[in-house]
Amino acid sequence: MENGNQSSIPCSLIFCEGKMAEISAKAVVLEWVVGSTADIRARISPVVALIRANVVVPCLRVALYTCLVLSFLLFLEWVHVMFLAAVAKLFRKKPAERYKWEPMANAAAGDLENGGNGKDCFPIVLVQIPIFNEIEVYKMSIGAACRLSWPSDRLVVQVLDDSTDLTIKDMIEKECMRWSSEGINIRYQVREGRVGYKAGALKEGLKRDYVKECEFVAIFDADFQPEPDFLRRSIPFFTYNPEIGLIQARWRFVNANECFLTRMQEMSLDYQFVIEQEGGSSIHAFFSFNGSGGIWRIAAIEEAGGWKDRTTVEDMDLAVRAGLKGWKFLFLGDLDVKSELPSTFKAYRSQQHRWACGPANLFRKMATEIAKNKEVSIWKKLYMIYNFFFIRKLVGTMFTFFFYCVVLPLVSLMPEVDVTKWGAILATFVIATINTLVATPRSTHLAVPWVLFENIMSFHRTKGIFIGLFEAKRANEWVVTEKRGDALKNKPNVESCAPKKPPRFKLFRDRILLQELGIATFLYACGLYGVFYGDDKYYIYLFPQAIFFTVAGFGYYGTMIAAPISYVS
């Protein structure tokens, strides 16, 4: 045995020496062909430098200059809307002074004194409530509509139930029957399938025979609750001003203080109402219908061609077509309607995808129609195409993401492309602070986080815009925004109708958003490069923005289970 072991050792050594000699020979051949490691680096470096100097840097310069031009256009648009809002606030008369208007009580009393029955002052109004499996909020929306201060024989409440859960459908129908037993003219309507989604339901509702006597239709989503005097404060504008086709009320949010996510949404929507719609209503008599919390003159809907389901923004579609027919729109900033904001990040992302994809898709389909229209002035057409669609719905969103999350971080890696990065960032923060002071003063201290959060959402909106413009697969995707309402108060009822919760691991996996984490990694890398090699300290912005993307990537914005909400003041 000892002799055998001793004889095997030299064989192993000989084998190893042979393999090493073979590897060395290959290395020598490789070095003879391509050169040493130092030679490889010496050869590649000029190529990399050449590509960087002649391809990467020029492309980045073009992207940077394009963004700077767009930023100038956006600044002009911001000055424009702020000027319109200021003029409307400081110099223009209030709606009740610009348009003929008289309180309903006074009008009814005068009609009675003249021998009438007062009904001429109370036109028949239809209230539509589209619902889809929204068990948490249907009672509150139906109840609020039935409590409207309006003669019961001049009011029709129409519940349009597209729910697919039979248990929920039964509960909604019973709620309608309960209000009917109290003398309310309420109609429970269902249809076969969900063709056209919300637009299809509203269109089908207007076809009913009893609607032919109605002059106006108020629309409230399932989480909206109008005050009892809603109709008395709005209908007089229609009665005395036949040119008005739409009245939009301002949304107020019952769960704005629920979490950071809802505070951010409140700031964005308040800016839309206070700045954009106030100015658009006062100066141009045009803005987009928000889909809920508004009243249409049915004649305006019919003249515009009715509801269409060709995009996911049927409300904007109808508003643009009615505007092209010459109808005027009125925004009443002091007429509030309570509603609920999505409190989960998943629900908010789905909503923002629809709100970004739909306008882009509509612009694709209506730009030529708007340009060729002969019924409105060229200035109104220009306002629709350039201000309303191009700048606000397309450029503003895409610029925000590409400039602050792609171009500027790349510029920080290449000193050859020089720009005053801090000037752009500080200007944005200043504008955001001014917007917050005007629209949501109580959230002024959140102006900087608002900018960082909006940069995240601009990523999702940009994806939606491209999908809408090119009419890709998800262009007509409709996901009903999740409503929480009194979910915790009604927990037994909700659990009986809801599917079982998935495993905890699946919940965590569903919350992981790889795209956001990828952008966060890119921003961290740019920030670290700036720490070691940069001299402008731009990483002070990059790291907070990366942290915001990281939080989004792990799905920690919003709530997992909504807190109880008080809908009754």
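Which residues does I142 touch, not counting residues up to four places away in sequence? In this predicted model, I142 is in contact with I129, I131, V159, I172, E175, C176, W179 and I186. That makes a handy way into the fold, since I142 is listed with W296 and V320 among the residues with the most contacts inside the largest nonpolar core.

**Cores and overall make-up**

The largest nonpolar core holds 96 residues. Separate from that one is a second core of 48 residues, with L74, F453, F548 and A552 among its members. As background, nonpolar side chains tend to be buried together in soluble globular proteins. Of the 569 residues in the protein chain, 50% are buried. The chain exposes about 27800 Å², and 61% of that area comes from carbon and sulfur atoms. If we take contacts between residues at least 6 apart in sequence, 81% of them join residues at least 24 apart.

**The sheet**

The protein chain has 19 helices and eight strands. Eight strands form an open sheet with mixed pairing, in the order β3-β2-β1-β4-β7-β6-β8-β5. Because β3 (186–189) and β5 (225–226) stand at the edges with a single partner strand each, one side of each has no neighbour in the sheet. Further in, let us look at one pair: β1 (residues 125–131) runs parallel to β4 (residues 216–219), and four bridges link them. One residue to look for here is L126, whose bridge partner in β4 is V217.

**Two loop residues with positive phi**

Two loop residues are worth a look for their backbone angles.

| Residue | Phi | Loop |
|---|---|---|
| N133 | about 55 degrees | between β1 and α5 (138–146) |
| K537 | near 55 degrees | between α18 and α19 (539–553) |

Neither N133 nor K537 is a glycine. N133 has a relative accessibility of 22%, so this residue counts as partly exposed; the cut-off for buried is under 20%.

**A nonpolar patch on the surface**

Now to the outside of the model. L528, Y529, V531, F532 and Y533 form a nonpolar surface patch, and together they have about 550 Å² of accessible area. Y533 belongs to helix α18, which covers residues 514–533. Is Y533 buried or exposed? With a relative accessibility of 61%, Y533 counts as exposed, because the cut-off for that class is over 50%. The loop that holds K537 lies between this helix, α18, and α19.

Methods:
Residues numbered from 1 in each chain as written. Predicted model: local features only at pLDDT ≥ 70, side-chain atom pairs only at ≥ 80, totals over all residues. Heavy atoms only, no water. Patch = residues over 30% accessible without salt bridge, like charges linked within 9 Å, V, L, I, M, F, W, Y side chains within 5 Å. Areas by Shrake-Rupley, 256 points an atom, 1.4 Å probe, with all protein chains shown as cover. Salt bridge = Lys/Arg side-chain N within 4 Å of Asp/Glu carboxyl O. Helix = DSSP H or I, 4+ residues; strand = E, 2+ residues; numbered from the N terminus. Buried < 20%, exposed > 50% of the residue type's maximum accessible area, 1.4 Å probe, protein only. Contact = heavy atoms within 4.5 Å. Core = buried A, V, L, I, M, F, W, Y, C linked by side-chain atoms within 4.5 Å. Pairing = 2+ DSSP bridges.
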